[in-house]
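Work through the exercises below with the sequence and the model open side by side. Try each task before reading its solution.

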Amino acid sequence: MTLKVTVDRKPEGVAVIYTEGYINNQGGEEIARVAFDLIGDGHKVLLLNLEGTKIVNSIGISILIEIIEKMLEIEGKLAFCNLTPTIEKTFHIMGLTQYAAIHADEVSAVAEMAGR
Amino acid sequence: MTGTAAASTAALAGYLELAAGGEADRKLAQSLLDGLGRQTGARAAAAYLKEDGTLVRELSTGAGSFPYRIAEDEASRFERRPMAGGELLLDGGTIQEERDTPVLLALAAAVRALVLEKKLKRQRFEVNYRGVELEALYDVGLAIASTLNLEQLSEEILLRAVSLLDARRGALYAADRDGGYRLSRILGGEARQRLAPDDPQVAALLQGRTPPAPQDLMPGAEHLLAVAIEVDGDPRGLLVVGDKESRRGVGPFGASDRRTLSLFANQAAIALENANLHRQALEKERLLREIELAAEIQRRLLPARLPRVEGVELSGWNRSARHVGGDYYDVLELPGGRLAPLVADVSGKGMPAALMVSTLYSALHLLLDGREPGPDLVERLNGHIFQSSAPNKFITLLVTDVHPVSGEVRYVNAGHNPGIVLRAGGEVEELPPGGMPLGFFRDGRYTGGELALAPGDLLCLFSDGITEAAAADDEEFGAGRLVDLLRRSAELPLPEIIEIVDGEVTRFADGAPQADDQTLVLVRKR
């Protein structure tokens, strides 16, 4: 199962990364590649919309943590939205939510991250 | 102390101050590496940490780029210095022991700190992930208790198992009736639709081994782990995961993975059993509703009231042994004021017999259509029943053609127990069979009989559920007892006679369950 990743650069300055599929080793690396490319292009506010993802494993989480660390390093902002209850609970237990906010939906997330 | 050595010492002091100030170990190590690179004149330098047996780049400095992971033979092309938990690689430049030793020592310490920090981070990650595992098992338990949606539960269990075992793929199979397994859900690719019970690949899986050709079961898979889903030792399914992931790729599953997968299989077993019991209960409820509907339909096939005509009194009664029955009676009105009292009995009981009753009812009404219910009609009825019934199904029928005023009676008995005529003087005559039950032979032939009812004579048509009603010692009620009852009550109103027969038969059975449908039709000439 290959993870499909797409990006929408919002006019509000938030780059939204959409995922569809399993966030595992391959999926996580694909997200990291896209995220690091965006960072390289100067994007410092990233939103991961996981509406199309129902499953994530520990390798995928460790890669997401690396992306969060990178965002901290560049003093950027990363958030998640549209998480399944299972994934949201997993992120809480794994401590991701200490450094990355979780939003119910994309509209509220973009508004919050754009400072509106 | 040389100038260079003094500069190194100052730099070291600065780095130490940096570290003491609480700056990250990583920044300290990076500064040391930058300094060392400049000091040695190297084009580039990198600090690698050992991870899962390979070297992974942690820091680099200078021009050119060292690969993220480096193989042993590739690393040998560079100047190498071992450090606790890693290696320093230099591209060009020269290490002078006297000059560079302090920085090398400081760098080694900083790298060691990075290694420990990473180890701590990994341990914290693993501890947290144990929490995720426990939560997952708890959640699956809650889901099982709160829903009976098997599809939803199956998906939940497979998702959790694949996720927690870091598997790349997974499949859930349900046991089929032939001892094999049928694919129920799949995650992360494709899997074989059915696993045959005698397949050596399946045997290997159930023994906890990856089968010789895992890609035959799951295309693309290299390592498989499976556990059986069992309820009280009966196989109900198979939970399979494929290819354990790490940052380096995929590998086999370990013993702890097997234990975790077994926990999910146990949960799946409970879910499957609960859902199965629930489905059975729903099915039973549905069947009951259908049977009640069928009983209602059958009740409507029986006459709500019998014709009221000059010359004869009429009464009929029926009680099924089950919700629906295989007995049928009617008193049809024929042209010329004649009547056709009849009783039929389908072999067997319950729903199949009830369906045959419907067939008989329809055929009889269609074929009769103003005709005489004589041998010709019964032969055509037989042909129809033969065509539309199963080989082991047949119907006995006693149909009469009564002229209420004259008392003239013609009848055809197709394998039914003989009807009884109790004369007003107490004598008994029978209406014997004139052919085989309907549906026995395609071209059954029937002969009829005739008799005449005088005032006070009682014609009794009945099914064998009355005469064969048995007591606990298997003694049957018998036609003799029925005749005696009719004699004793012959002058009572017909509904009372029926009540008496019903009461006596029930008393005779002495609590034994009613084994067959019971039907009684009485015709008395006024």
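**Exercise 1. Strand pairing in chain B**

How many bridges join strand S14 (residues 339-346) of chain B to strand S15 (residues 395-402) of chain B, and do the strands run parallel or antiparallel?

Solution. The model is a predicted one. Start with the pair itself: S14(B) and S15(B) are joined by six bridges and run antiparallel. Next, fix the register with one pair of residues. B:Val346 has B:Ile395 of S15(B) as its bridge partner. Now widen the view to the sheet. Its five strands follow the order S13-S14-S15-S16-S19 (chain B), the sheet is open, and the pairing is antiparallel. At the edges stand strand S13 (327-333) and strand S19 (448-452) of chain B. Each has a single partner strand, so one side of each lacks a neighbour in the sheet. Finally, take the twist: from one strand to the next it averages 15°.

**Exercise 2. A hairpin**

Describe the pairing of strand S9 (residues 224-231) of chain B with S10(B), and find the residue with a positive phi in the hairpin.

Solution. Count the bridges first. There are eight between S9(B) and S10(B), and the strands run antiparallel. Then locate a facing pair: B:Gly242 in S10(B) lies opposite B:Leu224. Last, inspect the turn. Two residues lie between the strands, and B:Asp232 takes a positive phi near 50°.

**Exercise 3. Two helices**

Characterise the packing of helix H9 (residues 350-368) and helix H10 (residues 375-388) of chain B.

Solution. Recall the general description: packed helices are specified by the angle between their axes and the distance between the axes. Here the axes of H9(B) and H10(B) come within 10 Å and cross at roughly 145°. The crossing of H9(B) and H10(B) is right-handed. Then list the contact residues. H9(B) contributes B:Thr359, B:Leu360, B:Ala363, B:Leu364, B:Leu367 and B:Leu368. H10(B) contributes B:Leu377, B:Arg380, B:Leu381, B:His384, B:Ile385 and B:Ser388. Sorted by class, the contact of H9(B) with H10(B) has eight nonpolar, three polar and one charged residues.

**Exercise 4. Chain A and its core**

Give the order of elements in chain A, then place A:Leu47 in the nonpolar core.

Solution. Chain A has four helices and five strands. From the N terminus, they run β-β-α-β-α-β-α-β-α. Of its 116 residues, 42% count as buried. Now turn to the largest nonpolar core, which holds 79 residues. A:Leu47, B:Ala161 and B:Leu239 touch the most other members. Leaving out residues up to four places away in sequence, A:Leu47 touches A:Val14, A:Val16, A:Ala79, A:Cys81, A:Glu106, A:Ala109, A:Val110 and A:Met113. A second, separate core has 58 residues, among them B:Leu314 and B:Tyr411.

**Exercise 5. The interface**

Which elements of chain B give two or more residues to the side that touches chain A?

Solution. Begin with the totals: 18 residues of chain B contact 17 residues of chain A. The elements sought are helix H4 (97-146), helix H5 (150-164) and strand S10 (234-246) of chain B. H4(B) gives the largest share, seven residues. By class, this side of chain B has six nonpolar, six polar and six charged residues.

**Exercise 6. One residue**

Is B:Arg487 buried or exposed?

Solution. Place B:Arg487 first: it is in helix H12 (residues 478-489) of chain B. B:Arg487 has 12 C-beta neighbours inside 10 Å, so it counts as exposed. Beyond four places in sequence, B:Arg487 touches B:Leu422 and B:Gly426. B:Leu422 is 65 residues away in sequence, yet the C-alpha atoms are 7.4 Å apart.

Definitions and conventions. Residues are numbered from 1 along each chain as its sequence is written. Chains are lettered from A and ligands numbered from 1 in the order in which they are written. This is a predicted model: local features need pLDDT of at least 70, side-chain atom pairs count only at pLDDT 80 or more; totals for chains, interfaces and linings use all residues. A residue is buried if 20 or more other C-beta atoms lie within 10 Å of its own, exposed if 12 or fewer, and partly exposed in between; C-beta atoms are placed from the backbone. A nonpolar core is a set of buried Ala, Val, Leu, Ile, Met, Phe, Trp, Tyr and Cys residues joined through C-beta atoms within 7 Å. Two residues are in contact if their C-beta atoms, placed from the backbone, lie within 7 Å. Ala, Val, Leu, Ile, Met, Phe, Trp, Tyr, Cys and Pro count as nonpolar, Asp, Glu, Lys and Arg as charged, and the others, Gly among them, as polar. Axes are lines fitted to C-alpha atoms, for helices over the stretch in contact, and angles run from 0 to 180 degrees between N-to-C directions. A crossing is left-handed if the near helix is turned anticlockwise from the far one by less than a right angle, and right-handed if clockwise. Two strands pair if DSSP finds at least two bridges between them.
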